[in-house]
Structure formats: structure tokens, C-alpha cells
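Visitor: I would like to learn how to read the features of a structure like this one. Please show it, and then take the features in turn.

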Amino acid sequence: MESFDLIIIGAGPGGYEAAAEAASHGLKTALIESRELGGTCLNRGCIPTKTILHTADLYAEIKAQGDAIGLTGSEGAGFDMTKIQERKEEVLAQLRDGIAAMMKADKVAVYTGHGVIADKNHVKVVSADGTEVIECKNILIATGSVPSVPPIPGADLPGVMNSDDLLSNKKPLKSLIIIGGGVIGMEFASIYCSLGCKVTVVEALNRILANMDKEISQNLKMIAKKKDVDIHTSAMVSKIEQGGEGLICRYTEKDKECEVSAEAILVAVGRRAYTEGLFDDETSADVKAMAMERGKITVDGSFQTSVPGIYAIGDVIGGIQLAHAATAEGRRAVAAIGGFTPTVDMSAVPGCVYTSPEIGSIGITADEAKEQGMSVITRKYPMSANGKSVLSMQERGFIKIVADADSHKVLGAQMMCARATDMISQFSQAIVSGLTLEDMAKTIYPHPTFSEGIGEAVK
Ligand code: FAD
Ligand code: NAD
């Protein structure tokens, strides 16, 4: 029987990055994956959405600005969904090969099959070729999440899709209803609206992107409206039926019965932790009794579960469901397993939304500071005054910063502008390093760049 220091179940950004980290510290490591290397992020999440978004954004930009910026032929620009899908598959294959090469270089033993925990020192790898049992000192569960299915009558009708389905869609859509105005909903709204599809978003809460700063939600709603995206908030879906353009979505908006029809419906109402088949009838009683809360595995500050020696990270533990959070948690768990000093600071996790304009957010918002009775100061800079934004014809945008009123230490930032998803890292570094507004203002920001907006905001 092969024996390892650590067996990791699930090769998403949590699992494969933890495997590389463990191997780099000399731990003999095995990685078990039942599907493709890279997990949701690479195969059904971050990378495929942003690959399609790249084409959609370029197309929309050429259509919207072509004439004004001196491009000819922009009116005749078109797109080919089959080619878009082919390009997406090329990108995924290239990055999957990269992970496989990295695992090989790091001497991580990769097993293809479903991981079933037998007891805290044994994991079964179940595949079409049979079952192999491998032995270990520690186990790390990184089995991720899958789309939630809401109990809406008609949610199983043909044409009603989740994000996995829509990412593989090869048909241009004339109209699309999106149930859920969260991150997935708004990124797909951006993609399909850019591709000339009539998009309607139906969100149960009183604003889209409810986890973000209020001004971001309001601005994105306004920009979406200008692009003919209909957004209905405080709207509860009651039923989906066949009819109209293909499907009819019935919902109640502020006590009024409403309906909207479209060719297809995307359901994007959150993702649930995935633990199916992780245990079987033969799994030891102590492991089967592992503490869980509403399907999510419960962990302590070191990401250890209630079973000593078994750790869990990423989407399967709930909390912040982001690829870079899963990776950071994996590094923390490996440090605890190997007895090393953790090298990653978990105090500030950036959140990015790849809409147009992009959104970047980190740390505390001014509203949250107020609710918590904190004494803070805020800075805001409108990107309409930024040269690079003007010359590249960007939508209205802004950078907001929250800092401690006494020390001026940066506590949070919210940005809605071009390249916000790249620039937010400057604020991550500021928060983690305890920088003040004045420290950030010392830096020379190159001209003309979007990042000059940061220099202006911190002044
Ligand atoms: P996953 O990536 O879900 O990987 C888990 C892996 O475990 C899967 O490959 C699965 O097959 C495998 N597995 C499960 N059970 C077993 C088993 N018993 N045996 C063997 N293998 C098993 N996050 C961002 O940070 N940025 C983004 O831009 C972004 N965009 C997204 C877009 C979409 C449409 C979606 C759906 C998600 C997006 N996310 C994004 C979220 C991100 O994909 C997840 O937070 C991240 O993938 C979680 O990583 P993980 O390692 O915990 O799990
Ligand atoms: P989400 O939690 O962000 O949004 C779901 C939305 O659906 C919420 O606003 C919720 O109020 C709404 N909703 C729930 N039930 C509803 C109903 N019956 N009718 C109408 N609205 C309803 O979840 P998501 O958008 O599915 O994304 C899942 C996870 O994936 C997120 O937690 C996010 O972290 C991750 N993700 C991240 C990125 C990124 O980082 N750029 C991109 C996509 C996904």
C-alpha cells in the first residue's frame, strides 16, 4: 500500500496549490481528483467566464466606440459562439497541462478517481479501473462546491441552466433571464448584454451584489439600465413555465405579480458545499461523525475538522467562496499539518467582480465601519477626472478608501473602474502591511494610468 504524509481530495485551486505547497516543504503528498485538474475555478468557473468575457468585452467596445475612435468596419463586427467555445477549451487545456506539469515537477502523486475516506489514515480511490486504498498521516478535504438548485417549480425545464450549462452554450441567445443578481448573475449579465442579448435579472434582495458597497450596487444598476439590462430587485421568483419566447419566469416584485419571458434562464442563486460520496458505509464511525453545518464542513482556525488529522479548506467549508481564498486556506492548513510558520495573512481577502466596469473590494466599507461604531475617515476620487479613463472612453467609476481616523491606516477600499480587479491588490498590500494614506501618497504613480486614480484618492 502506498503511504503518504498528506492525501488531498479535490484538485481545485485549494487542493492543487496545497499539494504544491506541501511538496515544497518535503511532505510526501498525493492528490485525488475525480474530474479534471483545476476544479471548478479552471473548468467551470473563473477561467472560462473570463475567457468568454474577454471576447464579449472586445466586441462590445468595438461596437460602442469603433466610429468615435476612428476604427472603420466596426458596424460589421460579429461573433461566432462555436469559435468562442473552441478558444475557451484551448485556454483550459493549456492551463490544465500546466497544473499537471507542476504536480509532476513537485513529485505529487496524482490519482484519478473518487476519493472516499475509509478512516483517518486511509482513503479509497474509486475509479472505473477498480478501488485502490492509500495510507496517510493527514487528510485535506478540498472537494469544493456545486450550483445550488432552488425549489422553484419548473427549474428543471429544458432551457433552464446553471453556470456550468451556460458556460458550454454554443448558441447565440436573443434573450436571457438571470435568477440571482449576485456575482455569477452579474458577470453573465455583462457577458450576454455585451453579446447583444436582452438580459433581465431577477434578484430576491433589495439590491444586486448585496455583499458589496451600496454605491457599487447602485452604480452598476444604473450602468446596466443604460445598456438595456432590466434589473428587478426585491423580486421573488414563484414559477418557471414554458411559453412566450421559450420560457416564462413568474415573480412577485413589491407585492405585484409580474412575468418576463426569454429564450433561456440562468439560475445563479449560490453554490452549496460538495461532500457527496466522501464517506461510504464502511467509513469509520469517528470520521462519519465529522461536524458539519448545513452541509458545510466545520473547521477550526487551523482548518482542522472535528476529526484530528483531517483538515478541510475552500468552498466545502463555506465562508468566502473564492479561488484565492481556497488557495490561502490551503497554505494555512499545510502549515498547520507540517508544523511550519504560516506565511499567508488571511486578514484581508480581496473580492473582484468582472463586470464592465470592473469592481474590486477589500476590507471594511464606510457603512460597515459606521455600524461597528468605528471612527474612520473616507476618501473618494471620481475616475471621470482620470486621463486614461477619459481617453479609453470608460464608464463612470470611482475609488473609495476607508482609513482609521487617528492613525490614517488603510482599512478598506472599494473601486469600480477599469482594471479595478488588478489595482485592488495595492490596497491588499497596504492593509496587510499597515500602511497609512500618507504612506501610499509617497509613491510616484506613472502617467497616464488608471492607477493614478489611487494616487489622487490617497492624497
Ligand atoms: P473546486 O474548485 O470546486 O474544486 C474541487 C474539486 O474537487 C473538483 O475538481 C471536484 O471534481 C473534486 N472532487 C469533489 N469531490 C471529490 C472526491 N470525493 N474525490 C475526488 N475529487 C473530488 N472565484 C474567484 O476567485 N474568481 C473568479 O473570477 C471566480 N469566478 C467564478 C465563476 C463561476 C461561474 C463560478 C461557478 C465560480 C467562480 N469562482 C471565482 C469561485 C471559484 O471557482 C471557487 O471559489 C473555487 O473553485 C473553489 O476552489 P476549491 O478548491 O475549494 O474547489
Ligand atoms: P451569490 O451568493 O453571490 O448570489 C446569489 C444571489 O441570488 C443573491 O444575491 C441572492 O439574494 C439571490 N437569490 C437567492 N435565491 C433567489 C431566488 N429564489 N430568486 C432570486 N434571487 C435569489 O452566489 P452566486 O452568484 O451564485 O455565486 C456563487 C459563488 O461563486 C459566490 O459566493 C462567489 O464568491 C463565487 N464567484 C466569484 C466570482 C468572482 O470572484 N468574480 C465570480 C463568480 C462566482
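**Two ligands and some backbone features**

Guide: Around ligand 2 there are 19 residues, and the nearest are Glu 187, Glu 203, Gly 270, Gln 321 and Cys 352. A residue is near a molecule if one of its heavy atoms lies within 4 Å of it.

Visitor: What kind of model is this, and how are residues and ligands labelled?

Guide: The model is predicted, with local features needing pLDDT of at least 70 and side-chain atom pairs pLDDT 80 or more, while totals for chains, interfaces and linings use all residues. Residues are numbered from 1 along each chain as its sequence is written, chains are lettered from A and ligands numbered from 1 in the order in which they are written, and side-chain values use heavy atoms, without hydrogens and water.

Visitor: Which backbone atoms lie by the oxygen and nitrogen atoms of ligand 2?

Guide: A polar contact with a ligand is a pair of N or O atoms within 3.5 Å; within protein, one must be able to donate a hydrogen and the other to accept it, and residues adjacent in sequence count only if both atoms are side-chain atoms. Here a backbone N or O atom of Gly 270 is 2.8 Å from an oxygen atom of ligand 2. A polar backbone atom of Gln 321 lies 2.7 Å from an oxygen atom of the ligand, and for a backbone N or O atom of Cys 352 the partner is a nitrogen atom of ligand 2, at 2.8 Å. On its own ligand 2 has 840 Å² of accessible area (Shrake-Rupley method, 1.4 Å probe), and the protein covers 78% of that area.

Visitor: What does the shell around ligand 2 consist of?

Guide: Ala, Val, Leu, Ile, Met, Phe, Trp, Tyr, Cys and Pro count as nonpolar, Asp, Glu, Lys and Arg as charged, and the others, Gly among them, as polar. On that basis the shell of ligand 2 has 11 nonpolar, four polar and four charged residues. Helix H6 (residues 183–194) gives the most, with three residues; helices (H or I, at least four residues) and strands (E, at least two) are DSSP runs, numbered from the N terminus.

Visitor: How many residues surround ligand 1?

Guide: There are 38, with Glu 33, Thr 40, Lys 50, Gly 115 and Ala 323 the closest. The shell divides into 14 nonpolar, 18 polar and six charged residues. H2 supplies its largest share, four residues.

Visitor: Which polar contacts does ligand 1 have with Gly 14, Ser 34 and His 114?

Guide: An oxygen atom of ligand 1 is 2.9 Å from a backbone N or O atom of Gly 14. A nitrogen atom of the ligand is 3.2 Å from a backbone N or O atom of Ser 34, and an N or O atom in the side chain of His 114 lies 3.1 Å from a nitrogen atom of ligand 1. Of the 1000 Å² of accessible area that ligand 1 has on its own, the protein covers 95%.

Visitor: How is a pair of packed helices described?

Guide: By the angle between their axes and the distance between the axes. The axes of H3 and helix H4 (residues 81–105) come within 9 Å and cross at roughly 140°, with axes fitted to C-alpha atoms over the stretch in contact and angles running from 0 to 180 degrees between N-to-C directions. H3 and H4 are therefore oblique to each other; angles under 35 degrees count as roughly parallel, over 145 as roughly antiparallel, 65 to 115 as roughly perpendicular and the rest as oblique.

Visitor: Where are the cis peptide bonds joining Ser 356 to Pro 357 and His 447 to Pro 448?

Guide: The bond between Ser 356 and Pro 357 has omega of about 0°, and Pro 357 is in the loop between strand S20 (351–353) and strand S21 (359–363). For His 447 and Pro 448 omega is about -5°, and Pro 448 is in the loop between helix H13 (437–442) and helix H14 (452–458).
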